[in-house]
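Please open the structure in a viewer and follow the selections below in the order given. Each stop names what to select and then describes what is found there.

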Amino acid sequence: MNNITFPFSDLIAGYVTTFDEKKGAFGTFNLKTSDGREFEVALTSMTYAELVRNLGEPYYDCTVQMRTMLVSDRYLFAYGTFFPEAGEHKFEAKHIVFLGKTESEYVFEKQDWWVNQVRNLANFYLKAQFEDGEIDYRNYRTNVGLVGTKEISNRQETDTISRLVYGFATAYLMTGDDRYLEAAEKGTEYLREHMRFLDESEGICYWYHAIDVKPDGTEQKIFSSEFGDDYDAIPAYEQIYALAGPTQTYRVTGDPRIMNDIELTVNLFKSYFQDKTDKGGFFSHIDPITLSPYSDTLGHNRAKKNWNSVGDHAPAYLINLWLATGKDEYADFLEYTFDTIEKHFPDYDHSPFVQERFYENWSHDTTWGWQQNRAVVGHNLKIAWNLMRMNHLKPKEKYVALAEKIADIMPAVGSDQQRGGWYDVVERILEQGQKVHRFVWHDRKAWWQQEQAILAYLILAGSLDKSQYQKLARESSAFYNSWFLDYASGGVYFNVLANGIPYLLGTERGKGSHSMSGYHSFELAYLACVYTNLLLTKKPMDLYFKPKQGGFKDNILRVQPDILPPGSVYISEVWINGQSYSDFDAENLTIKLPSTQDELKVRVRVIPTQVFFNATLLEVTEGTAKISLSGLLDANAVKLFEEELEKATAQSINRLVLLLQDLKCISAAGLRYLIFTKQKLGSNIDIYVVGASEHVLDFLRKGAFCEGVTVLEQYDTVEMAIV
């Protein structure tokens, strides 16, 4: 029974082991999956191949060079058909996706991959919500369709606006594009004016679930939740996510009004959601009238605790709040949160998954609603990711031990080791005779759960320097970037099928809903960029801030990108309003802002401590490109320099300015590359060398590179000497 005697199409993700161009009609290659199973893949006359691409990039065909790219150890995706023949299923590939131009390259590890992705995401939501016109949140709607059209509805949900505000603030943090900050600040102000409920007598702030905007412009406020599982209650996670956008905006601006809202909402959590008995933790719901977690009106949510009410504080707002303020009270709040998770969530005597729902006394609630005794794969990975962040702030062996335990267990029980990617919700317990944890509804893969896996394994790899975690991070990033990006309409898909094909039915068809807005995809882009550049590939990252006068305490701007391993990064350069600025503490990652009434725009370059070379394109304006070089320019550095040069010359320029103040040394190979580059640029592009040390300049002169090149101590020097 149940013999598979019919052809079916599917996806294989794996590493090439061998390629035999003479076998079969068009050649075959062997592909080994992440868990070690090997397949023979036949090429056909219609097999085509492409290079994975980012949002906003054109299709990159690799069909002509496909056979030469099938080299050992290259990770790729092969989509094709299994044919039942001769007692086995022969697999013929129809579509191959490569992850880089060489077998060791993963294009999503390029310095600007995630920056470009976040820019495209921000542009998509600007157009979808505001039609590229005035940013007016009266026109915002919760539900956004596949192609970015707003669905007919009057509903504006607080959490989805806040999550979109988070996205815009993050996009500004990464790009410095003022339009994104405008969208973040206007969204924050809209939340404050329309969704905020201040109870000054209690010293608390809480947030409406939503408002309905009527055709005449009036609005109906929706106080308690109207989402099915939380109906007529105030759920903790809605109050938590109401802070996500404003807190990220506060990181950029230091607006004291935002901080006041945050502090009063934290008071709400501690006054009404926190269990102040010796049991500890936070309740998942409170009654909208009494603000009590014990009200009988809460039904199945009465006196309950869950992952969202305990753990979601950290990634949604609390870590960002600590990064912006450095206050001990928020570090202590984080420690309390993670000690609670480490103590109560593991359940490894019964299941490879953590427990997520609890009664008041931390006994397991295995009968609640849809969850029953089921595991959300992403929540396990989210715990591992955030435990590592917390360990960098307050190191504890138990944090790392649990993070690694989750990271080591999860691939076998939560990932798709045939096709790549991570599943959604599965049964926590195997029934008798079962070897695979059953899918609760489907084998689809949600965008946000891919995020948790990518970030968990990236930070584990960057913190512990273990190759198996970098391998899993790459495989997870590969699946996300290959199958979740909507090249045609923009944005990312909510769900894809197990084989990577987008699932476009029901609420999962859209790009905006109660569950989806500008949070997870933007957070992924930001932190994947941070962890990849600063911890793994050792490349610099620029961040942008626009602090308000008197906003940050003592005029100190804190610019640590995330809670990273102590001493792993430092500030190398700061610019304020385009001018170099030196009043900063490189190791503590703080900037002393100038006392002025002028608007400040701060650009800061954060650089890994163990870095040997960096090249950064600073700007291209009016035909002049400026590239900053630091460290050692040798043969290993050429590729990075070349990437920045390609970006600089993507548009027409007539002047190239090389800023060499921080360049320590040039090898013979580095010098040859400079000479070769000068030749390729031709005589129509003037080259300027600025700030080079005598040692570096002497080496350039001996190599005859300086002939016809303008050498300056500072670029704004009036007198220019041709050497």
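**A three-stranded sheet and its helices**

In this predicted model, begin by selecting E7 and strand E10 (residues 210-213), which run antiparallel and are joined by three bridges. Within this pair, display Gln-156, which stands opposite Ile-211 in E10.

Next, extend the selection to the whole sheet, an open arrangement of three strands in the order E7-E10-E11 with antiparallel pairing. Its edges are strand E7 (155-157) and strand E11 (219-222), each of which pairs on one side only. Viewed along the sheet, neighbouring strands are turned against each other by 20° on average, direction ignored.

Now add helix H3, which packs on this sheet and touches E7 and E10. The direction of H3 makes about 60° with that of E7. Helix H4 (residues 178-194) should be selected as well: it lies across E7, E10 and E11 and runs at about 90° to E10.

**The second largest pocket**

Keep H3 (158-175) displayed, and add helix H5 (236-242), H8, helix H11 (377-393) and helix H13 (447-464); each of these helices supplies at least two residues of the lining of the second largest pocket. How much space lies in this pocket? The volume is about 1,100 Å³. Of the 40 residues that line the pocket, those to centre the view on are Phe-227, Trp-370, Trp-448, His-514 and Ser-515, the closest to its centre. Colouring the lining by residue class gives 15 nonpolar, 15 polar and 10 charged residues.

**Ser-309 in helix H8**

From the pocket, move to H8 (residues 307-311) and select Ser-309, which lies in this helix. Is Ser-309 buried or exposed? With a relative accessible area of 1%, Ser-309 counts as buried, because the cut-off for that class is under 20%.

To see what surrounds Ser-309, show its contacts, leaving aside neighbours within four places in sequence: Ala-236, Ile-240, Phe-282, Phe-283 and Ser-284.

**Helix H6**

The final selection is helix H6 (residues 244-253), where 10 of 10 residues are buried. Among them are Gly-245 and Pro-246, together with Gln-248, Tyr-250 and Arg-251. Step past the end of the helix to Gly-254, which follows H6 and has a positive phi, near 70°.

Key:
Residues numbered from 1 in each chain as written. Predicted model: local features only at pLDDT ≥ 70, side-chain atom pairs only at ≥ 80, totals over all residues. Heavy atoms only, no water. Helix = DSSP H or I, 4+ residues; strand = E, 2+ residues; numbered from the N terminus. Buried < 20%, exposed > 50% of the residue type's maximum accessible area, 1.4 Å probe, protein only. Contact = heavy atoms within 4.5 Å. 1 Å grid on protein atoms, 1.4 Å probe; cavity = no way out; pocket = protein on both sides within 12 Å on 5 of 7 lines; lining within 4 Å. Points joined across faces, edges and corners; volume = space filled by probe spheres on them. Nonpolar A, V, L, I, M, F, W, Y, C, P; charged D, E, K, R; others polar. Pairing = 2+ DSSP bridges. Axes fitted to C-alpha atoms, helices over the stretch in contact; angles between N-to-C directions.
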